[in-house]
Amino acid sequence: KASGLTKGMILSITEPERSRARPTPAKKKASATRPAGLDVILSHAVPGCPPAGHRVKSHRPQSRATTPKPAALDPHSHSVSHSLNERASLLSVQQEWSPIKSMRWCLRGVISGTTDVVVRAQGMNLSVGGVALCRNPLCPWCSQKRSMESADILSKGLIQARKQGFFTRLLTLTIPSGGDYAEQRDLLARSLRRFSKKTSREFKKQGAEQFGMSWSFDITMKVERSWRSHLHIHSILVADEGSVTEATLFDWWQAAVTKEAGKAVRLSRSAFYARSPHSEKSISAYIMSKFLRSAIEVQGSITKTGGKPGGGLGWRDFLRYIKKTGDLGAGMLYKEILTANKGKWWSSVGQTIKSLAAEEDEEHDAEGDQVGNQEEMVEITIAPRDWLVLGKLASGIAALFAVVQRRDTNQDRYTLVRDWIAKMRTSNWMTDQEVEQAWRFALGV
């Protein structure tokens, strides 16, 4: 039976079997259409390729507890795609563990009716067209665009709020640790609604006409006797009139949690965070390091990386840990988190902030403050079937992205990949097995 091939595992056919495998006339015709010399390349340069005319059923890779290390990142890139190939590599975690089908097929599936999958690159920034996306806020791929767009709106909104003299506060709202994840999430969400209504009423009493709260969940995982999660909320509060002390905000939050919990709850005053941004730099720093960690800490990963499991892991480090170890307890917590969040909001950008951000954009447009990207755009088109086969390889898509990102520093590998893509697009005689081995050869995996 055909099974998932790994690097170094060779599919072989013994001499007696080879002599008995007589190709049908149709197979002979297909073999005859192979371009000269490709049989030699496939059978020698690409380990494990079947001989000409031999058909092997398409296979699905078996689940593994561990996966290869992600391709090294380009240390000289400072674009939003700096961790792009690692994010694609981390998709293997949700392919193996996610209880949500759309997440398991994210990026490696193809949209129905797609004629070509197109990989576009401009500098170090890459995008892919024609593939299926899950759009889940905890997906290592989809969360990037979502979080960067939200962070841009929040940053511009806060800058404009400061110009207009708004009252602004950056908040961290916590509850006591304990209980399962679903219970924590439910209590936090209900407490946030109550706290937001209370705060809005109080500011309107002080004459505020514009009031808004933007927020995002954040999560940390720890392991003691077993894995557990600690959930909290990062929030931004803006109002055109009124003021309130940090102590009063804390009292309102504690009252909201106590009311929703249905019992007295003692919160740690030191765990409640509220401060005013003092400059555009501090606004950007906060958003990029704290606020929208809904995007698996795309912005906040620099503050929570490299820690040991016992010391607490942010979402991205948690995925790295599962990918490296296949830890069953961590995997079960991961499933629990995704199940509890299914169909629910993870973050929200308030309408007041959006309006302020639009005003900031208008000012920039009036000043003509626009900078164009002059870097050349390159495109690679891949047949849907070939992309589906590539998606079956462990870290295959990540490896392709790494090759495209390094096209200037490793032109030989980039040229080889493009040549093989062209061969596969015009070679309908190739089996899925042969296409897989061709990808392995071209990418060097």
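Student: Through how many residues does the hairpin join β4 to β5?
Tutor: This is a predicted model, so local features need pLDDT of at least 70 and side-chain atom pairs count only at pLDDT 80 or more, while totals for chains, interfaces and linings use all residues. Residues are numbered from 1 along each chain as its sequence is written, and side-chain values use heavy atoms, with hydrogens and water left out. Strands (E, at least two residues) and helices (H or I, at least four) are DSSP runs, numbered from the N terminus. The link from β4 to β5 in this hairpin comes to three residues.

Student: Over how many bridges do β4 and β5 pair?
Tutor: Two strands count as paired if DSSP finds at least two bridges between them. Strand β4 covers residues 211–223 and pairs with β5 in the antiparallel sense. One facing couple is Ile219 and Leu231, the latter in β5. For β4 and β5, the number of bridges is 13.

Student: Which residue in β5 is the bridge partner of Leu170?
Tutor: Strand β3 (residues 167–174) is joined to β5 by eight bridges, and the two run antiparallel. The bridge partner of Leu170 in β5 is Ile236.

Student: How many of the 13 residues of β5 are buried?
Tutor: Buried means under 20% relative accessible area, exposed means over 50%, and partly exposed lies in between (1.4 Å probe, protein chains only). Strand β5 spans residues 227–239 and is largely enclosed by the rest of the structure. That follows because its buried residues number 11.

Student: In what order do the three strands of the open sheet run?
Tutor: The pairing in this sheet is antiparallel. Its edge strands, each pairing on one side only, are β2 (125–129) and β8 (377–382). Six bridges join β1 (residues 117–122) to β8, and five join β1 to β2. The order is therefore β2-β1-β8.

Student: Which residue stands opposite Arg120 in β2?
Tutor: On the β8 side, Val118 stands opposite Thr381. On the β2 side, two residues lie between the strands in the hairpin of β1 and β2, and Gly123 takes a positive phi near 65° there. Opposite Arg120 in β2 stands Ser127.

Student: Which residues of helix α13 are buried?
Tutor: Helix α13 covers residues 384–392. What covers its buried residues includes β1, β2 and β8, together with α14 (396–405), α15 (411–425) and α16 (432–443). The buried residues are Pro384, Asp386, Trp387, Val389, Leu390 and Gly391.

Student: How many aromatic pairs does the count come to?
Tutor: Rings of Phe, Tyr and Trp (its six-membered ring) pair if their centres lie within 6.5 Å; planes under 30 degrees apart are stacked, over 60 edge-to-face, and the rest tilted. Trp227, Trp315, Phe318, Tyr321 and Tyr334 form one aromatic cluster. By this rule, the number of aromatic pairs is 12.

Student: Why is the pair of Phe195 and Trp253 edge-to-face?
Tutor: The ring centres of Phe195 and Trp253 lie 5.6 Å apart. Phe195 sits in helix α7 (residues 181–205) and Trp253 in helix α8 (residues 246–261), so the pair ties together parts 58 residues apart in sequence. Both Phe195 and Trp253 are buried. The pair is edge-to-face because the planes of its rings stand at 90°.

Student: At what angle are the planes of Phe250 and Phe272?
Tutor: Phe250 lies in helix α8 and Phe272 in the loop between α8 and β6 (273–275), so the pair ties together parts 22 residues apart in sequence. Phe250 is buried at a relative accessible area of 9%, and Phe272 is buried at 4%. The ring centres are 5.4 Å apart, and the pair is edge-to-face because the planes are at 70°.

Student: Which residue lies over the face of Phe250?
Tutor: A charge sits over a ring if NZ of Lys or CZ of Arg is within 6 Å of the ring centre and within 35 degrees of the ring normal. Elsewhere, Lys423 lies over the face of Trp420, at 5.5 Å from the ring centre. Over Phe250, at 5.1 Å from the ring centre, lies Arg269.

Student: What distance separates the C-alpha atoms of Asp317 and Thr220?
Tutor: Asp317 is in helix α10 (residues 315–325). Asp317 is buried, with a relative accessible area of 8%. Asp317 and Thr220 are 97 residues apart along the chain, and their C-alpha atoms are separated by 9.6 Å.

Notes. Contact = heavy atoms within 4.5 Å.
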